[in-house]
Amino acid sequence: MKNITILTGAGISADSGLATFRDNDGLWNNHKVEDVATYDGFKSNKKLVYDFYNNLRSEAKNYKPNEAHVALSRLESEYKDGKVTIITQNVDDFHRLAGSKNVIHMHGELNKARCEYCLNVFDVDGDFDESTKCEKCGKDHVLRPHIVWFGEMPLYMALIDEVLNNTDLFVAIGTSGVVYPAAGFIARIKQIGKAKAVELNLKKSETNGLFDKYLEGKAKTTVPAFVDKVLEGKDLF
């Protein structure tokens, strides 16, 4: 086994207490998803969207990485047989805060803003809105949350495809298997035919049948135990 690719979803951050995605009733923090997570919603009511993500950013500061995030950071730093890459569907900063460095945020990042004029992406700590100027081009009325909304193409797909092509072990943690293109990664892995695959989840995902092994439980419990096995060189299958 050489390169390890880890896909993380809302389940890993849920163990920190942070709701990272919409609830089953189609709401996200009591807002309609189409109002706060689409470009049309942003154009229709920018103040609502700015306020929503400003509040979400502020709320996220009340939470911290859990044992699963910390274990993945340890895996990256201690694993010597190949490269460990995390592809996350989450927009929170927990992987970085836990110490992980090789993280691909395919759905964007809550703590960043993007300029629609010059396409500059930069860190934001507090609130921003239409009056905030881009730190690169200096224009105002051009910033949006650096979040991939419904109907938009996820980020870094070419890089992700390269990572999947070179994966020897694929691990999915806390993801439902219904949100594409991430839900299609396991099928891609099986098509390549090179890697083994493990799912760690509270319950089986929609794509569970494609995995070679399934470990049930909360991420903060299953992930540290799994990482221990990998680092100790134990048989995973």
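Start the tour at the second largest pocket of this predicted model, a space with a volume of about 260 Å³. To find its middle, select Lys61, Asp93, Arg96, Leu97 and Asn111, which of the 17 lining residues are the closest to the centre. Next, colour H4, helix H6 (94-98) and strand S6 (108-115), the elements that each give two or more residues to the lining. S6 provides the largest share, with four residues. If you colour the lining of this pocket by class, you will see nine charged residues, seven nonpolar ones and one polar one.

**Along helix H4**

Stay with H4, which spans residues 46-60, and select Asn54 within it. Is Asn54 buried or exposed? Its relative accessibility is 6%, under the 20% cut-off, so Asn54 counts as buried. Show side chains here and you can pick out a polar contact of 2.8 Å between the side chains of Asn54 and Arg57. Now look for partners from elsewhere in the sequence: setting aside neighbours within four places, Asn54 is in contact with Gly126, Asp127 and Phe128.

**Over to helix H8**

For the next stop, select residues 185-192, which form helix H8. Which residues of H8 are buried? They are Phe185, Ile186 and Ile189. Turn the view until you look down the axis of H8: the buried residues fall within an arc of 100°, so they line one face of the helix. As a reminder, an α-helix has 3.6 residues a turn, so residues three or four places apart point the same way.

What do the buried residues of H8 pack against? Add strand S1 (4-8), strand S4 (84-88) and strand S10 (196-201) to your selection, along with helix H7 (157-165) and strand S9 (169-173), and you have their packing partners. Before leaving, step just past the helix to Gly193, where phi is positive, near 80°.

**Into the cavities**

Two of the H8 residues you have just selected, Phe185 and Ile186, also belong to the lining of the largest cavity. The structure holds two cavities of 30 Å³ or more, and the largest contains about 60 Å³ of space. To outline the largest cavity, select Leu7, Phe170, Ala172, Thr175, Gly177, Ala182, Ala183, Phe185, Ile186, Ser205, Thr207 and Phe211. S9 and H8 each supply at least two of these lining residues.

Finish by colouring this lining by class too: eight residues are nonpolar, four are polar and none is charged. For the pocket where you began, the lining has nine charged residues.

Key
Residues numbered from 1 in each chain as written. Predicted model: local features only at pLDDT ≥ 70, side-chain atom pairs only at ≥ 80, totals over all residues. Heavy atoms only, no water. Buried < 20%, exposed > 50% of the residue type's maximum accessible area, 1.4 Å probe, protein only. Arc of directions from axis to C-beta. Contact = heavy atoms within 4.5 Å. Polar contact = N/O pair within 3.5 Å; in protein donor to acceptor, adjacent residues only side chain to side chain. 1 Å grid on protein atoms, 1.4 Å probe; cavity = no way out; pocket = protein on both sides within 12 Å on 5 of 7 lines; lining within 4 Å. Points joined across faces, edges and corners; volume = space filled by probe spheres on them. Nonpolar A, V, L, I, M, F, W, Y, C, P; charged D, E, K, R; others polar.
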